[in-house]
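Please look over the structure shown below before reading on. This briefing then takes up a few of its aromatic residues and two places where helices pack.

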Amino acid sequence: MTRYAMQLVLDKWITPHIDIDKWEFYDLSCKSRDDTEDQVLKDAVEAGKRLKSIFKEPTITPTEVQVKEMGLSKGWGSPNGMMRRGWNGITISRDTIHIEGVELGYRRPVFFERHAVGGEYGAGWKPLTKGKLITQFFPSEGGAEATLGRTDFTIVDQRDLKDNDSVAVVYHNPLDNVEDLAHHFFSRCLAADIVPYVVTKKTVFKWQEAFWSKMKKVFDDHYRTQFLEKGLLEKCGGELQHLISDAATMQIIRWNDGGFGMAAHNYDGDMLTDEVAQVHRSPGFITSNLIGKTDSGELIKEFEASHGTVADLWNLHQKGEETSFNPLGMVEAIIGAMDHSASFAGGETEIDVHNFTKLLRKAVHTSFRAGEGTRDMCGPAGLTTEDFVDVVAKRLKRYLAGDFSEKVTGAATPKRKNDPTYDVDTEAVRQMFDKYDKNGDGTIDIEEFESMVVKLGVAPHLKSKEKTDNEAGQV
């Protein structure tokens, strides 16, 4: 569905106003990757190094069933891994998207940096039986690739396996680019008046201490004074705060006012940003931008939506049924890519592109505020995929012509029940309500409400009683 919707966006919002003759397109569909033996992905990665600004639509990583259904020669892996390696990935920035006048989840922005390399995603593994497992490291200065006979090794770990059935997993966390991640994170938080936090499980996983230490050193050396001047550390004791990952899962729910940022390892960042997305309505309202570097040090930025290809709506579309797809995440991504590309051109080109993307965002947001949005936001009266694109196209045309006469007031908070992913068990909700409605009068008073939030673990704490990172989440 995303491919179809993005073509509508290109045809009706972009190409009538922007010359895209110099844009390069690469088909990363499963069929194209299969037909080219993945050469198309390799070409796209090389192009990204050269262009340094990339917009990527959601792609499919086929299951075994889909491999057979599509007639593929093999199950091609996610293209993201090759992109992150090819572009020297530093971080994946995932931020909340906000529409002025529309309450989605967090009131203020939430920024998240997920280390783009290392961790479980690149792990090697083997199923094993009883025996001894030894992990050895050989320095690259040793010369030949062969390790047989070499004595200049370090034993990383050795242990006896006593079970008949085990799995051994080996992975590492590169740290050379953590300083780049830190500068990217702290500079963004400072510019947006956001309080930064670093998330690890270093109290238990001692090897994560290095990530925290590198982040803190960059902060203390380059940013602490500026954060203090802005008053952003008043509630943090004047220092950069560390959060245990367990505690972070709770704070993401509690700090629903927003205004905070978190930076974490690859896997923790992946999991925690899913939680941020749920608090902020859905993955459709979260950005996903890969930040990398060329060998010469120039930033490469790849922009995409956080959601998938939305296959269920595509199936309905193919049957001739109406759909109502919200393209907001992809629109934010294409805007980001256009702005970053224009920054290399500079001059009038940069000014013109930034003006266009500003008005495009305004046209999309105003349509939602005016009640002319998709059904996930506006309910059954919302527009179809095609009608929404047409409404925004007309509004954008007026804005580009200098017509801002339309007056639109803020829309009501969209009901989550309108979201097609809404799957709440209302009967279970009723049972929870009855549990805390102690006197059975059909309402929950303040004492009953306090009992409920304490029981659920989401009660706000007195500032003086906040858990330190040495207390929170340790096991």
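Trp207 is partly exposed, because its relative accessible area is 45%, a value between the limits of 20% and 50% that bound this class. The model that provides this value is a predicted one, and the points below begin with the ring that pairs with Trp207 before moving on to helix contacts.

**Aromatic rings**

- A pair of aromatic rings is described by how far apart the centres lie and by the angle of the planes.
- A search of the whole structure finds 16 aromatic pairs, and one of them joins Phe205 and Trp207, which count as stacked because their planes meet at 20°, below the limit of 30 degrees for stacking; their ring centres are 5.9 Å apart.
- Phe205, like its partner, is partly exposed, and its relative accessible area is 39%.
- Tyr399 and Phe404 form another stacked pair, with 5.3 Å from centre to centre and 20° between the planes.
- The two members of this second pair fall into separate classes of exposure, since Tyr399 counts as buried at 5% relative accessibility, whereas Phe404 counts as partly exposed at 41%.
- Elsewhere, Phe185, Phe186, Phe219, Tyr223 and Phe227 form one aromatic cluster.

**Helix 13 and helix 15**

- Two packed helices are described by the angle between their axes and by the distance between those axes.
- Helix 13, which covers residues 347–369, and helix 15, which covers residues 385–400, have axes that come within 9 Å and cross at roughly 130°.
- Helix 13 and helix 15 are therefore oblique to each other, and their crossing is right-handed.
- On the side of helix 13, the residues in contact include Phe356, Leu359, Leu360 and Phe368, while those of helix 15 include Phe388, Val391, Arg395 and Tyr399, the last of which also belongs to the stacked pair with Phe404.
- Sorted by class, the contact of helix 13 with helix 15 has 12 nonpolar, two polar and two charged residues.

**Helix 3 and helix 5**

- The axes of helix 3 (residues 39–51) and helix 5 (residues 79–86) come within 10 Å and cross at roughly 35°, and the crossing of helix 3 with helix 5 is right-handed.
- Helix 3 contributes Leu41, Lys42, Val45 and Lys49 to the contact, and helix 5 contributes Pro79, Met82, Met83 and Gly86.
- By class, the contact of helix 3 with helix 5 has five nonpolar, one polar and two charged residues.

Notes:
Residues are numbered from 1 along each chain as its sequence is written. This is a predicted model: local features need pLDDT of at least 70, side-chain atom pairs count only at pLDDT 80 or more; totals for chains, interfaces and linings use all residues. Side-chain values use heavy atoms; hydrogens and water are left out. Axes are lines fitted to C-alpha atoms, for helices over the stretch in contact, and angles run from 0 to 180 degrees between N-to-C directions. Helices (H or I, at least four residues) and strands (E, at least two) are DSSP runs, numbered from the N terminus. Angles under 35 degrees count as roughly parallel, over 145 as roughly antiparallel, 65 to 115 as roughly perpendicular and the rest as oblique. A crossing is left-handed if the near helix is turned anticlockwise from the far one by less than a right angle, and right-handed if clockwise. Contact means heavy atoms within 4.5 Å. Ala, Val, Leu, Ile, Met, Phe, Trp, Tyr, Cys and Pro count as nonpolar, Asp, Glu, Lys and Arg as charged, and the others, Gly among them, as polar. Rings of Phe, Tyr and Trp (its six-membered ring) pair if their centres lie within 6.5 Å; planes under 30 degrees apart count as stacked, over 60 as edge-to-face and the rest as tilted. Buried means under 20% relative accessible area, exposed over 50%, partly exposed in between (1.4 Å probe, protein chains only).
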